[in-house]
Amino acid sequence: MPICGWLLALSLAALTGNIVAANERTERNCSLTPPYIPSTAVNTTLRLQELREKMLPLNISAYIIPGTDAHLSEYIAPRDNRLAFMTGFTGSAGTAVVTQTKAAMWTDSRYWVQAERQMDCNWALEKDVSVASVVDWLLAEVPHGGQIGFDPFLFAISKSTSLRSPSLLSVEVSVNRALTQADGELSMGPPDAINAYISTERSWQMKVEHIRNQMADNPYDSTALLLSALDESAWLFNMRGNDIPYNPFFYSYTLLTMDEIWLFLHTERVTDELKVYLNASCNGPLCVQLKSYDTILGELKKFVAKPGCKVWIGTEYTNYAVVEVITQEKLFTSSYSPVLLTKAVKDETEQRVLRDAHVRDAVAVVQLLMWLENAVPKGTETELTAAHYVDKSERLMIFHLLSITTLKSNGFLFVFCSPTNETCRRLTVDEMYLVDSGGQYLDGTTDITRTVHWGIPTAMQKEAFTRVLMGNIEISRTIFPSDTRGINIEMLGRRALWEVGLNYGHGTGHGVGNYFGVHEWPVGFQSNNIPFRAGMFTSIEPGYYKEDDFGIRIEDVAVTVPAQTKYGNNYLTFDTVSLVPYDKKLIDTSLLSSEQVRLTAASTSFINFFFYC
């Protein structure tokens, strides 16, 4: 896979908006006559008109457009981005609904300003992202007896309760593509873009046998396991691809039984070497039968028609279209598949090489920060020149994404800027900046955020930064029983902020993979994340954002390791693997406890020793 150029982007998200001129008003104003629409907004009048015309003969009163693909991916290929095509909004989280007279789009606070810049006045922005808000809106807008259309490939079966409502109409895929065809072709990559991956102790055969053992131990007598999430097949077979942005995955499904393995993918891209690797020419229990990606529904229908079969699925990442062909008596569900649960714990080789990737990544980030500290006060550097500096640096990653942003002029919007843009913001010493960086190396995935100030920070900025740092430290140093859920630890990252009435509106951490998912589910600190066990990697990233002024986030990656306690066994703590120091001028040590001062000094000393000794 070729090395791509560096990009400046929103925290690893694929934004396709443009930078506007400094004197242009950046957000729409629909209350004016005529409405003010910035140049960054997309005119969606004709697209909505065409969609509504196609809804009429189908007797659809409302149509739901989520921002995902058939595998419920976070990052999706351009051809799957129906939400962006219909609304103009390119954020990575959102849901749209269209009726014959109205159009509304729901997204969270990270993207409100971005939505106001990218959507025209055909769209209403809804800021309550709860499912109840969408349901209430539909109840108010859809007449009694009206049908609500949805694409069953774009909804997880975990939403099956609401999707089985008689008012919801599952629309066939051909109709959905006609209704909301995205303006992009699938970039499949070269024929050899799907590759075997070797930075793990476990061969794919070992993984298959391990998962089969879990299937055999399942008391509900499941005879097959269906894997729908892209990272499930990629992990199981130790393979990587490039079908979607930022994560090295390939379009695939897997159906695993006790004596057969069916891998559904674009078979024209499978090389002879890969066929040998997968034992694709035999018919034994460790021989992979390669089947065309588009045949998944037909093959699954034939399989479930057999007597005595029972298919195990994970409801969070299996789409409704696939499950529609399985009758309830032949279906066994759990929130996550055994593959996702097993994948969450890294083996010793995975842990070692992932640590190594963070060392190399820290060198690149520290070099960037040192260059910025010297260059920005001269007043000549922009986001674009920073990207060019990074692009000239020696690196070994497959791609590396970087965000250098201030919230002073953009609210909560981190503006997309690529090396081809000519209107990037100038970096100054008068603002606080988030430097959010992440890379895909052949042995590991990295994600780190540092907040810096190249001038003189205000007292409020220092206090907020210090309290965010206190939250990061408190989570990192905590000791907890194995199998503790992250949601029970998460408040430690907020406590110092809560004490003075501050907070942040995003999650506190997410899993990280080995040349894999940059936001790897289901590890993290949310209520639907799995309990922590030794060998799990997670980010720890509390923050604080003062609208129209500044924003702070401190993100490290850490691994759960056994903790030595005086009396108990089976306790864990976090070992931070990120090796980039914090900005000392932003730390108010008077707010720190003696233990927090000691830990901060120890971390800085270790990093200095690591790099300079």
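This report walks through a predicted model of a single protein chain, from its overall make-up down to individual residues.

## The chain as a whole

Let's start with the big picture. The chain has 613 residues, and 57% of them are buried. Its secondary structure comes to 17 helices and 26 strands. If you look at contacts between residues at least 6 apart in sequence, 71% of them join residues at least 24 apart. On the outside, the chain exposes about 25400 Å², with carbon and sulfur atoms supplying 54% of that area.

One stretch carries a domain label. An unreviewed UniProt entry annotates residues 570-598 as "Peptidase M24 C-terminal". In the model, that span is 17% helix and 21% strand, and its end C-alpha atoms lie 26 Å apart.

## How far to trust it

The mean pLDDT of the chain is 85, and 84% of the residues reach 70 or more. Residues 1-23 are a weak spot, with pLDDT below 50, though the model still gives this stretch 80 contacts beyond near neighbours in sequence. Residues 406-420 also have pLDDT below 50, and there the model shows 59 contacts beyond near neighbours in sequence. Where pLDDT is low, the predicted coordinates should not be read in detail.

## Salt bridges

A search of the whole structure turns up 25 salt bridges. One of them pairs the side chains of Arg202 and Glu350, at 3.0 Å from N to O. Arg202 sits in the loop between strand E8 (195-196) and helix H7 (204-217), while Glu350 belongs to helix H13 (residues 348-375), so this pair ties together parts that are 148 residues apart in sequence. Arg202 and Glu350 are both buried.

Another salt bridge joins the side chains of Arg553 and Glu541, at 3.7 Å from N to O. Here Arg553 is in strand E24 (residues 550-553), and Glu541 is in the loop between strand E22 (537-540) and strand E23 (543-546), 12 residues apart. Arg553 and Glu541 are both buried. There's also a network: Asp231, Lys343, Lys346 and Glu520 are joined by salt bridges that share partners.

For a local example, try Arg477 and Glu474, whose side chains form a salt bridge at 3.3 Å from N to O. These two are 3 residues apart in helix H15 (residues 459-477), so about one helical turn separates them. How accessible is each partner? Arg477 has 38% relative accessibility and counts as partly exposed, whereas Glu474, at 13%, counts as buried.

## A greasy patch and a buried leucine

Val131, Val135 and Leu139 make a nonpolar surface patch of about 300 Å². Val135 is part of helix H4 (residues 131-141). Its relative accessible area is 37%, so Val135 counts as partly exposed.

Leu427 is another story: its relative accessibility is 1%, so this residue counts as buried. You'll find Leu427 in the loop between strand E16 (399-405) and strand E17 (432-440). Its C-alpha atom is 9.4 Å from that of Trp454, which is 27 residues away along the chain.

## Backbone quirks

Which peptide bonds are cis? Thr33 to Pro34 is one of them, with omega near -5 degrees. Pro34 lies in the loop between strand E1 (7-8) and helix H1 (45-55). A cis bond also joins Trp521 and Pro522, with omega of about 10 degrees. Pro522 is in a strand, E21 (residues 520-524).

Then there are residues with a positive phi that aren't glycine. Asn238 has a phi of about 50 degrees, and Asp483 has one of about 75 degrees. Asn238 lies in the loop between helix H8 (230-236) and strand E10 (239-240). At 4% relative accessibility, Asn238 counts as buried. Asp483 is in the loop between strand E19 (480-481) and helix H16 (495-498). With a relative accessible area of 49%, Asp483 is partly exposed, because the exposed class begins over 50%.

How values were computed:
Residues numbered from 1 in each chain as written. Heavy atoms only, no water. UniProt positions renumbered as here; feature names shortened; annotations may be inferred. Helix = DSSP H or I, 4+ residues; strand = E, 2+ residues; numbered from the N terminus. pLDDT = per-residue confidence, 0-100. Contact = heavy atoms within 4.5 Å. Patch = residues over 30% accessible without salt bridge, like charges linked within 9 Å, V, L, I, M, F, W, Y side chains within 5 Å. Areas by Shrake-Rupley, 256 points an atom, 1.4 Å probe, with all protein chains shown as cover. Salt bridge = Lys/Arg side-chain N within 4 Å of Asp/Glu carboxyl O. Buried < 20%, exposed > 50% of the residue type's maximum accessible area, 1.4 Å probe, protein only.
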